[in-house]
Amino acid sequence: MSNGAPHGMVRIYRPTGAVSEPSWWETYAAHLSGINATSRAVIEADAEFIVDRGVFGVGDPAEGRWPSSRERSGLVMGAVQSGKTASMMAVAAKALDRGVDAVIILAGTRTALWKQTYERATEQLAFATNAHKRRLLVPRTIPTDPSDVNIDLLYQIGAPAALNLALQQNKPILAIVMKNWAHLQRLAKVMRDAYGGAAARDKPFHVLVIDDEADDSSVADVSAEAASPTAEPKQVPRRIVDIWEDRARPGVTVNGKVFATYLGYTATPEANFLQDDQNPLAPRDFVASLRTAGAEGILEVRTPTYRVPEGINDWYTGGDLYYKTLSSVPLCIPTNQIAPDEQVPEAVRAFLVASAVRLIRTPNRLGPHDAREAVFDSLHQATQQSPLVASMLIHPSSGMDDHFRVAQELLRWSAGLVEDVDGDDVDTRIDRQLGSAGIEQDMTARPERWLRWLEDYTKAAAAVVSMPGAGNRPVPKLDEWPSVQNAILSQIVPATSVRVINSHEDADDRPQYSPTRLADETWRAPQNLSTIFVSGNVMSRGLTLEGLTTTLFTRRAGIPFADTQMQMQRWFGYRGRYIDLCRVFMPQDLLANFVTYHEDDEALRLDVLARMKSSDALPDISVLQGRTYLATGKIANLRSKPLFPGPKPFITHMNAPGDDDANLRHVAELFADDPINVGSGARPRGLLRSEPMSLLEAADLLDQLRYSDHGPGRDGPEGERWRSVENHAQLGADPVVPFFRAPCVPGGRDLGEKSPYWVAAYLRFWHACLIRRVPSVVTTDEPPTRWDLVDLGTKWAKQPRFWVGLRFGDGSVVTNGPLAALAGPVRAMKRQVAGNELRATWGSRGRGVDGEIRGDDQFDYSARHQKANLTRAGDRKAGEDGLILFHPIERIAGSVTTAIGLSIPLGGPDQIHAMTGSSSD
């Protein structure tokens with residue numbers, strides 16, 4: 001049954017006999033009533049794009065335009081704690097309305113995440129009435145302790161006859177499955193039954209698999225597995241593919257009527273983009289980036305953010321606010337200046353004072369201590385009178401023992417216990433209630449450490465109040481400290497618990513933020529009204545900490561992985577209503593990494609957004625990393641590849657003898673008009689053009705060179721990589737693009753960054769960066785500086801010009817061809833050549849005007865009678881001019897061919913791309 005509706009007019013499929021029921025989208029949209037109108041519109045618009053361009057990107061399966069595999073795969077990039085689940089549910093609803101026969105949501109690798117997503121999906125996608133008539137739910141329910149349940153029983157779908165009838169009535173399957181190999185294995189068996197039952201229908205069976213946290217366990221490094229005979233293949237990716245494929249016939253769905261769309265969702269897609277194309281879960285057909293609510297952007301134009309007129313209270317508070325807009329507050333505090341034994345107490349002081357300020361700002365609500373003792377007559381009363389939830393998070397390390405140790409140290413400090421007392425006086429596996437004696441003692445002994453937070457929050461509130469929609473944000477004055485102290489000691493501390501969240505058997509359950517209904521129909525306040533969580537990797541994914549104001553991040557990694565550490569940014573989210581009270585404590589070098597991660601993420605998002613505008617097949621998308629960290633640890637053999645071709649790149653590749661006339665004519669034209677003679681005597685060193693070239697002129701010069709066996713074209717890997725850079729810079733129709741303008745020579749050699757066309761692209765990139773703060777760009781200085789911190793006016797004034805020279809050698813005088821027409825004899829250079837490859841680079845050295853021995857890379861300094869301004873490594877310093885030096889290399893029968901050396905000053909832009917494979921690729 002084809003959709004049959006024109007583009008933009010989507011026919012909604014409903015199970016037989018259920019026409020009067022609302023659509024899936026109408027039901028889900030009713031649950032978005034608490035979100036502002038602009039955000040609701042964006043959620044719907046993005047979901048429609050993903051369904052139209054992704055799930056149905058080649059039309060309905062019945063229309064015959066799908067690939068022969070009957071499979072499509074894509075990826076949706078969100079932001080950490082930005083509301084990806086809302087988009088997943090919206091896409092599921094829109095897809096079901098378009099006639100998808102099964103929506104399978106892979107809901108995390110941990111039980112807590114699975115249960116969280118299951119509860120949300122069944123509440124928001126299940127219909128209020130006659131739900132069983134509208135869909136087949138798998139599992140029908142999740143018990144309190146799923147570990148004690150037989151998985152086969154959990155995933156029962158019903159008797160064959162009932163299943164076949166449901167499928168004949170177009171009743172869709174809705175499955176919310178834990179991303180665990182045993183669960184996936186059982187689900188695959190269930191889907192085989194469904195495919196068999198659908199065989200009798202007159203329409204295809206379309207299954208949509210939505211993989212939440214698609215970078216977690218779903219990435220298979222196929223090349224690394226193949227290279228190691230001892231490597232164990234990852235089971236989860238293969239079990240996911242089993243949902244729609246038969247392993248005996250890989251690469252196609254189980255039968256001709258089954259069509260499958262795999263849709264990965266993640267905030268950190270680095271591994272997904274870098275994984276081997278052999279992985280069936282690699283995004284090959286479409287990609288999308290979700291937008292976040294902020295100060296800028298309009299609904300009709302896809303940019304990283306969209307403007308929410310209500311202001312900061314409804315904005316997503318991510319990297320832009322923490323690392324840029326409010327960096328002067330600052331919200332992120334380096335721990336380097338805090339003694340190690342003071343870091344936890346200092347962060348707890350910040351948390352308790354912030355909690356007191358929030359409590360004072362909401363005088364109509366009960367305090368946490370009073371709320372814990374109260375009994376409410378209704379859910380509404382419990383919600384309205386309970387205090388706002390407050391949370392703190394401590395990331396000590398990934399080791400579970402460290403979590404309990406830190407929790408014990410915190411509890412001992414709060415209880416006022418001395419360090420030399422035996423450690424069994426506070427058992428963190430039983431007693432996890434924050435003490436008050438030690439906190440009261442600390443207030444008396446160190447009042448300045450508490451008062452400083454009132455001052456700090458006052459300054460922060462002043463900065464935030466100036467932002468749209470912030471409203472009034474009062475902070476008690478210093479002389480009002482007694483009231484703050486009383487709130488902390490009488491209401492907050494007695495109700496604050498310390499909870500350890502990890503996979504240890506003695507760890508606590510996931511937090512509970514909703515009021516609890518009692519047997520007598522009364523209600524109690526949420527369990528976790530005020531909580532200090534101590535955790536590691538468990539908190540790095542999926543679980544949201546409501547009311548998180550304070551984070552202490554002390555963990556470090558030997559080789560940081562950007563995607564793993566970015567997932568730990570639990571301080572992101574929708575925290576605008578109290579963003580002035582949010583603080584993150586971490587080491588300075590870690591903070592610097594997080595700022596860079598954010599810029600990498602922003603650049604990747606811009607690239608994905610640009611790719612969304614194209615209807616072509618999904619090209620390679622560049623993933624960035626840094627000198628001190630890798631993009632991901634999920635892919636082996638990851639290496640860094642900078643855009644900067646180096647301070648002294650040399651184009652050693654040449655045309656064959658007798659085949660270089662076009663380049664030689666070009667060189668001869670450069671020096672036809674009154675060049676500068678370099679050197680003196682019977683054998684001068686060469687010629688130098690009298691005027692230097694600009695960055696763009698030098699780029700054009702290099703692009704005019706031609707090779708009979710080299711020309712990768714603009715659509716190859718190099719062109720795609722530079723297209724990503726253009727997307728990062730948001731250049732649009734700027735005349736400077738495309739950066740990479742190589743001609744296409746079919747079957748030609750790939751020179752990579754050792755091509756003149758690559759160097760030309762780099763020079764255009766440098767020009768573009770002189771007036772833009774391109775994300776994730778650093779200078780080529782040592783050490784590098786972030787490009788967004790440089791003075792662009794100074795960079796513009798000190799941009800290099802390029803002198804162009806022709807180096808003479810000790811070979812024969814050129815008597816034939818274009819160079820023979822130049823004034824004065826041109827002697828070729830004698831160099832060793834293998835095939836058409838020069839076996840040397842920068843060669844001869846001569847004495848300059850200042851008496852120093854100089855190599856050819858300083859050829860122009862000698863010609864201009866200037867002293868070279870170089871680094872200790874011999875590179876040109878920032879602000880210096882550059883050099884393009886042509887070398888006429890003597891070949892057979894008196895012919896010459898052209899090699900080119902460049903000397904590029906430091907101080908330009910660079911960007912590090914993550915690449916897979918060996919360095920020789």
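This section describes the sheets and helix packing of a predicted model.

The protein has 921 residues, of which 57% are buried. Its secondary structure comprises 26 helices and 31 strands. Of the contacts between residues at least 6 apart in sequence, 75% join residues at least 24 apart.

One open sheet is built from seven strands in the order E3-E4-E2-E5-E6-E1-E7, and its pairing is parallel. The edge positions are held by strand E3 (136-138) and strand E7 (286-289); each has a single partner strand, so one side of each is left without a neighbour in the sheet. From one strand to the next, the twist averages 15°.

Within this sheet, strand E1 (residues 71-77) lies between E6 and E7 in the strand order. The pairing of E1 with strand E6 (residues 258-266) is parallel and extends over seven bridges. Glu71 has Ala260 of E6 as its bridge partner, and Gly74 stands opposite Leu263 in E6. The pairing of E1 with E7 is also parallel, over four bridges. Here Leu75 has Val287 of E7 as its bridge partner.

The side chains of E1 were examined by direction. Glu71, Ser73, Leu75 and Met77 point one way from the strand, whereas Arg72, Gly74 and Val76 point the other way. Both sets are buried. Because seven of the seven residues of E1 are buried, the strand is largely enclosed by the rest of the structure. Helix H2 (residues 37-55) lies across E1, strand E5 (205-212), E6 and E7. The direction of H2 is at about 170° to that of E7.

A further open sheet contains six strands in the order E10-E17-E16-E11-E15-E12, with parallel pairing. Strand E10 (332-334) and strand E12 (496-501) are the edge strands, each pairing on one side only. The twist from one strand to the next averages 15°. At one edge, E12 runs parallel to strand E15 (residues 530-535) and is joined to E15 by six bridges. Among the residues involved, Val498 has Ile532 of E15 as its bridge partner.

Two helices were found to lie against this six-stranded sheet at E10 and E17. Helix H17 lies across E10 and strand E17 (583-586), running at about 120° to E17. Helix H20 (residues 588-611) packs on the sheet and touches E10, strand E16 (548-553) and E17. The direction of H20 makes about 120° with that of E17.

H17 also packs against another helix. The axes of helix H12 (residues 343-361) and helix H17 (residues 447-465) come within 9 Å and cross at roughly 55°. This angle makes H12 oblique to H17, and the crossing is right-handed. On the H12 side, the contact is made by Glu346, Arg349, Ala350, Phe351, Leu352, Val353, Ala354, Val357 and Arg361. The H17 side contributes Arg449, Trp450, Arg452, Trp453, Leu454, Tyr457 and Ala461. By class, this contact has 11 nonpolar, no polar and five charged residues.

Helix H18 (residues 481-492) provides a link between these elements through its buried residues, which pack against H12, helix H13 (368-373), helix H16 (437-445), H17, E12 and E15. The buried residues of H18 are Trp481, Val484, Ala487, Ile488, Leu489, Gln491 and Ile492. H18 thus contacts both helices of the H12 and H17 pair, as well as the paired strands E12 and E15.

A second helix crossing was examined between helix H3 (residues 84-97) and helix H4 (residues 111-125), whose axes come within 11 Å and cross at roughly 45°. H3 and H4 are therefore oblique to each other. Their crossing is right-handed. Thr85, Ala86, Met89, Ala92 and Ala93 of H3 make the contact with Thr117, Arg120, Ala121, Gln124 and Leu125 of H4. By class, the contact of H3 with H4 has six nonpolar, three polar and one charged residues.

Terms used:
Residues numbered from 1 in each chain as written. Predicted model: local features only at pLDDT ≥ 70, side-chain atom pairs only at ≥ 80, totals over all residues. Heavy atoms only, no water. Axes fitted to C-alpha atoms, helices over the stretch in contact; angles between N-to-C directions. Parallel < 35°, antiparallel > 145°, perpendicular 65-115°, else oblique. Left-handed = near helix turned anticlockwise from the far one by under 90°. Contact = heavy atoms within 4.5 Å. Nonpolar A, V, L, I, M, F, W, Y, C, P; charged D, E, K, R; others polar. Pairing = 2+ DSSP bridges. Buried < 20%, exposed > 50% of the residue type's maximum accessible area, 1.4 Å probe, protein only.
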